[in-house]
Amino acid sequence: MQPIISVAHLSKTYASGFKALKDINLEIRKGEIFALLGPNGAGKTTLISIICGIVTPSAGKVLVGGHDIISDYRATRSMIGLVPQELTLEMFETVWDTVSLSRGLFGKWDNPAYIEKILKDLSLYDRRNSKLMTLSGGMKRRVLIAKALSHEPRVLFLDEPTAGVDVALRKDMWQVIRHLRDSGVTIILTTHYIHEAEDMADRIGVINKGELILVEDKRELMHKLGKKQLTIQLHDALSAIPAELNGHHLSLANGGSELIYTYDTQASRTGITGLLTDLASAGIRFKDLDTSQSSLEDIFVDLVRQK
């Protein structure tokens with residue numbers, strides 16, 4: 001399947017000499033939710049801005065729906081909806097007029113039924129005649145999403161879309177996003193709430209210092225890089241790990257009252273049975289066992305630290 005977005009050897013160097021992006025190569029599939037993760041200043045917003053035609057690249061090529069973002073700017077921009085981080089709204093306009101005007105700017109015919117549906121989906125319809133200056137920060141964020149959807153884009157960029165949005169409304173917004181994905185819209189999001197990416201995304205990209213260091217299917221990433229840990233709560237604290245247990249790669253925690261055993265999720269054998277046998281042979285008694293697995297946030301932090 002031809003990708004909806006294709007980025008090849010993309011770089012951006014600003015006049016100051018700062019290299020914001022370095023030889024980025026990326027393909028985004030039609031109808032997926034792609035999460036782009038990275039620390040502050042990693043290049044996420046620069047990459048999004050270039051694809052959306054806001055920032056000019058220094059080198060490389062970007063295609064959206066097979067169209068070049070520079071030579072076919074109008075065609076590519078009409079396929080894209082963008083929800084920026086900043087609350088860029090005309091505060092004296094009403095919600096309805098703001099969203100309707102955005103649709104008109106892209107040359108779309110009036111469609112009040114479609115605007116009504118968007119506002120209802122985003123829990124904004126009851127405030128449709130309210131001036132934006134009267135809305136909360138979370139509601140203004142939802143107005144930005146409504147504006148981005150007003151011209152029925154095929155690709156939707158969400159740059160920190162849930163910043164300042166309360167938990168209940170955040171869940172409503174993600175439900176709308178899932179419906180959009182199911183209808184064929186491609187979603188690219190950046191977020192500091194990594195659990196959102198873990199819950200929502202089909203694939204994950206990690207960018208750091210302008211370099212794309214990983215692109216992976218989320219489930220495959222969790223499987224390959226996720227670690228499982230077995231925590232053994234001991235009856236009696238240990239001052240050191242007995243020599244007969246050295247082969248198990250154990251560590252002491254919680255003042256010596258816990259043994260931590262980390263094992264590979266892909267290995268055919270976990271080694272837990274042998275460990276418990278060796279614990280009994282060493283005369284070490286335990287009260288309880290608990291297992292945990294790395295979250296996407298753990299994996300992300302490890303990747304950035306290693307890089």
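**Cores and helices in a predicted model**

Q: Which helix gives the most to the largest nonpolar core?
A: The largest nonpolar core (buried Ala, Val, Leu, Ile, Met, Phe, Trp, Tyr and Cys residues joined through side-chain atoms within 4.5 Å) has 39 residues, and those with the most contacts inside it include Leu122, Leu156 and Ile187. This is a predicted model, where local features need pLDDT of at least 70, side-chain atom pairs count only at pLDDT 80 or more, and totals for chains, interfaces and linings use all residues. Residues are numbered from 1 along each chain as its sequence is written, and side-chain values use heavy atoms, leaving out hydrogens and water. With 7 residues, the top contributor (helices being DSSP runs of H or I, at least four residues, numbered from the N terminus) is helix α5, residues 137-149.

Q: How many residues does the second core have?
A: Happily, there is another group to look at. Separate from the first, this second core includes Ile24, Val55, Val64 and Ile207. Its residue count is 27.

Q: Is Ser100 buried, partly exposed or exposed?
A: Ser100 is found in helix α3, residues 95-105. Buried means under 20% relative accessible area, exposed over 50%, and partly exposed in between (1.4 Å probe, protein chains only). Because its relative accessibility is 24%, Ser100 counts as partly exposed.

Q: Within what arc do the buried residues of α4 fall?
A: Helix α4 (residues 112-121) has Ile115, Ile118 and Leu119 buried. Seen down the axis, they line one face of the helix, because their directions from the helix axis to the C-beta atoms fall within an arc of 95°.

Notes. Helix = DSSP H or I, 4+ residues; strand = E, 2+ residues; numbered from the N terminus.
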